Amino acid sequence: MLIKHISSKPTVRDEELRPSTTGSDEQHLHSLAYSSRYATGTIPKFELPEKSCEPSTAYQLVHDELDLDGLPAMNCASFVHTWMEPEADKLIMENISKNLADVDEYPATIAVQGRCVSIIGNMWHADKAIGTPTVGSSEAVMLGGLAMKKTWQAKRKAEGKDIYHPNIIFGNNAQVALEKFARYFDVEARMIPVSEESHHCLDVKKALEACDENTIGIFIILGSTYTGHFEDVKQMSDLLDGLQKEKGLDIPIHVDAASGGFVAPFAFPDLQWDFRLPRVVSINTSGHKFGLSYAGIGWVLWRSEQQLSKDLVFELHYLGGTEFTFNLNFSRPACFMIAQYYNFIRLGIEGYNRIVENDMLNARSFSTALEKSTYFDVVSDMHRPEGIYGWKHAKPPAPKKKNTASVKYNPALPVVTWKLTDAFREKYPHVKQEAISTLLRTKGWIVPNYPLPPNEGNIEILRVVVRESLTRDMLDRLIDDTIDITERLKNLETNVKDNIYAPIEQFGEAPRTKKRVPRGLKDAHGKIKKPKTYARPC
């Protein structure tokens, strides 16, 4: 994220800082809660202090400020894993100072890295794969895109054709990293609009229509960040096979399996999406999502060295040994890769199966509870039998653990997305779905509310990512809180658009006394002014 610089010059700094609600003119200084115990002087926020302080002072200051963050366990917005076992934490701290770029200095660490690539390659049915760890899937997907671009350019050069107008195809439900690749590396992004008919993800038939001789490849997402749907890699591959026979265009597939790369092998082992399909040339994933490691580790693998142009690989000697590298980052922590290896040997197939199965079961139960409330339509389809899509269809019965093996569900992530029903909106037009998200935050839950991709931007959804740390008891509490908030909002006697105090009074945050509205908030007729802009919270 980009951060704007705050100047140390008082006249400039005071203009840049937001006015304090407490009237303080010292917003550029830290205020210690325990100043008499830890420090006697002030510490500036935006410039280096003149003198050092005690380690306990620095710790307490930073510790207290970070207490304002949300609780990771109640962060239902993120795909990133937030908990590991104490033994994994210990391994991380023992190796936190190791640099993964120092091949010659840490040979045992590099050997572990190689084993991880082989384990993932075998999990994805590779024969002669080559791969590398990254800091996450954003870097990994860019490496996959760069390899396709270089391969396309080399082929075009050999044919004496133009190499300056490449394009890449993906759905407009893509995570921003895919757009970054196209913009940063001068590739035209052909984004295919998604729709309810395409299950809110890539329409493979429209993607086929967008292909031409300048298409370097197609990004297919195994687990949309919007709704959790898996895009159909097999159907896209079959359509491209037909295109090659008809027009001679050989267009490869890169699978962005940031989340699905560690879900599909265990929840849907028969699903063909990986290197079993010859047209899939590369796959990326995030170890720090359903690979169950902390943030800081991703992976990208290519089918073979043939899919990785030698122009992209650097041979380095200056660290004491010989290193062949293809990364955007150089120095990076080794500890999170080591944590990934810990998970592989600790959990094995059995452990990953249990965890993924439990995530899916909890997500399906949560989906069913939302539908039973009658207030919500569930937009995600992971709880519906295979081939049944859309909230307009009949609702399936609540799944029971003993029957999960007999029911085949739509391939998807353990992600639940939902919205207020049209009937509810019509009957209670004053209730804004965004208010549910905001009020859940007051109870500690972080549940985002956001619009679907541009073609469906008129539909807003709430989303919960069911990770290992989100237990059944927590989900029961979350569903209770969600329904309770919804019922309180619908029972408001005063339209929340016209009474700025109604939500506060309803939820007991302020006494029901006559409020004095500031003069500037009223119009000429004495009514409260409505804002002219609409600010969407992140």
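This briefing describes the overall make-up of the protein, its two open sheets and one buried residue in a helix.

The model is predicted. The protein holds 15 helices and 15 strands, and buried residues account for 49% of its 538 residues. Two sheets are described below, one of 7 strands with mixed pairing and one of 4 strands with antiparallel pairing.

**The protein as a whole**

- Among contacts between residues at least 6 apart in sequence, 70% join residues that are at least 24 apart.
- The protein exposes about 28700 Å² of surface, and carbon and sulfur atoms supply 52% of that area.

**The sheet of 7 strands**

- This sheet is open, its strands follow the order S3-S9-S8-S7-S6-S4-S5, and the pairing among them is mixed.
- Its edges are formed by strand S3, which covers residues 130-134, and by strand S5, which covers residues 188-192, and each of these two strands pairs on one side only.
- From one strand to the next, the twist of this sheet averages 20 degrees.
- Within the sheet, strand S8 (residues 280-286) and strand S9 (residues 298-302) run antiparallel and are joined by 5 bridges.
- Where these two strands meet, Ile283 stands opposite Leu301, a residue of S9.
- As a general point, the strands of a sheet pair through backbone hydrogen bonds, in either a parallel or an antiparallel way.

**The sheet of 4 strands**

- The second sheet is also open, with its strands in the order S12-S13-S15-S14 and with antiparallel pairing.
- Its edge strands are S12 and strand S14 (residues 449-451), each of which pairs on one side only.
- The twist of this sheet averages 40 degrees from one strand to the next.
- Helix H11 packs on the sheet, where it touches S12, S13 and S15, and the direction of H11 makes about 10 degrees with that of S13.
- Helix H13, made up of residues 433-442, also packs on the sheet, touching S12, S13, S14 and S15, and its direction makes about 30 degrees with that of S15.

**Strand S13 and its partners**

- Strand S13 spans residues 415-420 and is mostly covered, since 6 of its 6 residues are buried.
- On one side, S13 is joined by 3 bridges to strand S12 (residues 376-378), and the two strands run antiparallel.
- In this pairing, Asp377 has Lys419 of S13 as its bridge partner.
- S13 also pairs with strand S15 (residues 460-465) in the antiparallel sense, over 4 bridges.
- Between S13 and S15, Trp418 stands opposite Leu462, while the bridge partner of Val416 is Val464.

**Asn362 in helix H11**

- Asn362 lies in helix H11, which runs over residues 335-372, and this is the helix that packs on the sheet of S12, S13, S15 and S14.
- Asn362 has a relative accessible area of 3%, and it therefore counts as buried, for which the cut-off is under 20%.
- The side chain of Asn362 makes a polar contact of 2.9 Å with the side chain of Arg472.
- Leaving aside residues up to four places away in sequence, Asn362 touches Val466, Leu470, Thr471, Arg472 and Leu475.

Note on methods: Residues are numbered from 1 along each chain as its sequence is written. This is a predicted model: local features need pLDDT of at least 70, side-chain atom pairs count only at pLDDT 80 or more; totals for chains, interfaces and linings use all residues. Side-chain values use heavy atoms; hydrogens and water are left out. Two strands pair if DSSP finds at least two bridges between them. Axes are lines fitted to C-alpha atoms, for helices over the stretch in contact, and angles run from 0 to 180 degrees between N-to-C directions. Buried means under 20% relative accessible area, exposed over 50%, partly exposed in between (1.4 Å probe, protein chains only). Contact means heavy atoms within 4.5 Å. Accessible areas come from the Shrake-Rupley method with a 1.4 Å probe; for residues, only the protein chains shown count as cover. A polar contact is a pair of N or O atoms within 3.5 Å; within protein, one must be able to donate a hydrogen and the other to accept it, and residues adjacent in sequence count only if both atoms are side-chain atoms.
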